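Here are my notes on the model you asked me to look over. Keep the structure open beside you and follow the points one by one.

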Amino acid sequence: MINSSLENIIVPDDLKKALVTPIIKDHKLDSDVLKNYRPVSNLPFLAKILEKCVSKQLLKHLEVNELLAKFQSAYRKNHSCETALVRIHDDILTVVDGKTNVLLVLLGLSSAFDTINHDLLLKSLKVTMVLLGTS
């Protein structure tokens with residue numbers, strides 16, 4: 001079923017159905033306010049297998065064609081948040097050893113998607129697709 005789905009570029013409808021459960025974003029938030037919840041989709045087991053197969057193929061393509069950023073840590077074997085932090089720490093120490101000033105700016109994006117105007121984003125994407133002639 002997985003091979004057939006990949007060969008025919010079709011995901012069976014049964015694998016697209018998810019059980020959506022509202023989960024509160026933070027237990028400190030008011031549970032009576034709906035915007036304090038995020039939807040969590042539980043997909044069928046086979047859908048997760050298909051997702052993993054596609055992920056592995058895509059990652060292999062990106063690696064073989066050298067399309068990943070040089071210092072990207074996410075989605076790479078033997079890379080993690082820890083390796084990214086070690087790299088940043090080493091870079092800072094190297095600059096400090098060279099008697100140069102260092103400025104590190106960190107952004108917390110955990111709630112970034114809560115601030116996006118999704119209607120505006122979709123309209124912008126549609127306009128871009130029209131301009132590119134891909135719609």
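1. Let's start with a question: is Glu66 buried or exposed? Keep in mind that this is a predicted model. Glu66 has a relative accessible area of 71%, so it is exposed. You'll find Glu66 in the loop between α3 and α4. Its backbone deserves a look too: the phi angle of Glu66 is near 50°, which is a positive value in a residue other than glycine.

2. Now go along to Lys99, in the loop between α4 and α5. Lys99 is not a glycine either, yet its phi is positive, at about 60°. Because its relative accessibility is 75%, Lys99 counts as exposed.

3. Back to the loop that runs between α3 (45–64) and α4 (81–97), where Ala74 sits. Is Ala74 out in the open? Not fully: its relative accessibility is 39%, so Ala74 counts as partly exposed. If you want a feel for distances, pick Ala74 and Lys17, which are 57 residues apart in sequence. From C-alpha to C-alpha, Ala74 and Lys17 are 28 Å apart in space.

4. Next, the salt bridges. Side chains of opposite charge can pair when their charged atoms come close. How many salt bridges does the count come to? It comes to four, and I'll go through some of them here.

5. Take Glu51 and Lys48 as one of these pairs: their side chains meet in a salt bridge, at 3.1 Å from N to O. Both belong to helix α3, and because they are three residues apart there, about one helical turn separates Glu51 from Lys48. Glu51 has a relative accessibility of 43%, so it counts as partly exposed. Lys48 comes out at 41%, and therefore counts as partly exposed as well.

6. Then there is Lys16, which forms a salt bridge with Asp13. The closest N and O atoms of Lys16 and Asp13 are 3.7 Å apart. Both residues lie in helix α2 (residues 13–16), three residues apart, or about one turn of that helix. Lys16 and Asp13 are both exposed.

7. Please look at Lys17 too, since it makes a salt bridge with Asp14. In this pair, the closest N and O atoms are 3.6 Å apart. The relative accessibility of Lys17 is 54%, so Lys17 counts as exposed. Asp14 has a relative accessible area of 55%, which means that it is exposed.

8. On to empty space. Rolling a probe the size of a water molecule over the atoms shows where empty space is left. What is the space in the largest pocket? It is about 200 Å³. Residues lining this pocket include Lys52, Ser55, Lys56, Leu58, Leu59 and Leu62. Leu68, Gln72, Tyr75, Arg76 and Lys77 are also among the lining residues. Sorted by class, the lining has five nonpolar, two polar and four charged residues.

9. Which residues form a nonpolar patch on the surface? Phe113, Ile116, Leu121, Leu122 and Leu125 do, and together they have about 470 Å² of accessible area. One of them, Leu125, lies in helix α5 (residues 118–132). With 45% relative accessibility, Leu125 counts as partly exposed because it falls between the 20% limit for buried and the 50% limit for exposed.

10. Finally, two residues that you can use to get a sense of spacing. Cys53 lies in helix α3. Its relative accessibility is 28%, so Cys53 counts as partly exposed. Cys53 and Leu93 are 40 residues apart in sequence, and 40 Å apart in space from C-alpha to C-alpha. Ala84 is found in helix α4, and it counts as partly exposed because its relative accessibility is 25%. Ala84 and Lys126 are 42 residues apart along the chain, with 35 Å between their C-alpha atoms.

Methods. Residues numbered from 1 in each chain as written. Predicted model: local features only at pLDDT ≥ 70, side-chain atom pairs only at ≥ 80, totals over all residues. Heavy atoms only, no water. 1 Å grid on protein atoms, 1.4 Å probe; cavity = no way out; pocket = protein on both sides within 12 Å on 5 of 7 lines; lining within 4 Å. Points joined across faces, edges and corners; volume = space filled by probe spheres on them. Nonpolar A, V, L, I, M, F, W, Y, C, P; charged D, E, K, R; others polar. Patch = residues over 30% accessible without salt bridge, like charges linked within 9 Å, V, L, I, M, F, W, Y side chains within 5 Å. Areas by Shrake-Rupley, 256 points an atom, 1.4 Å probe, with all protein chains shown as cover. Helix = DSSP H or I, 4+ residues; strand = E, 2+ residues; numbered from the N terminus. Buried < 20%, exposed > 50% of the residue type's maximum accessible area, 1.4 Å probe, protein only.
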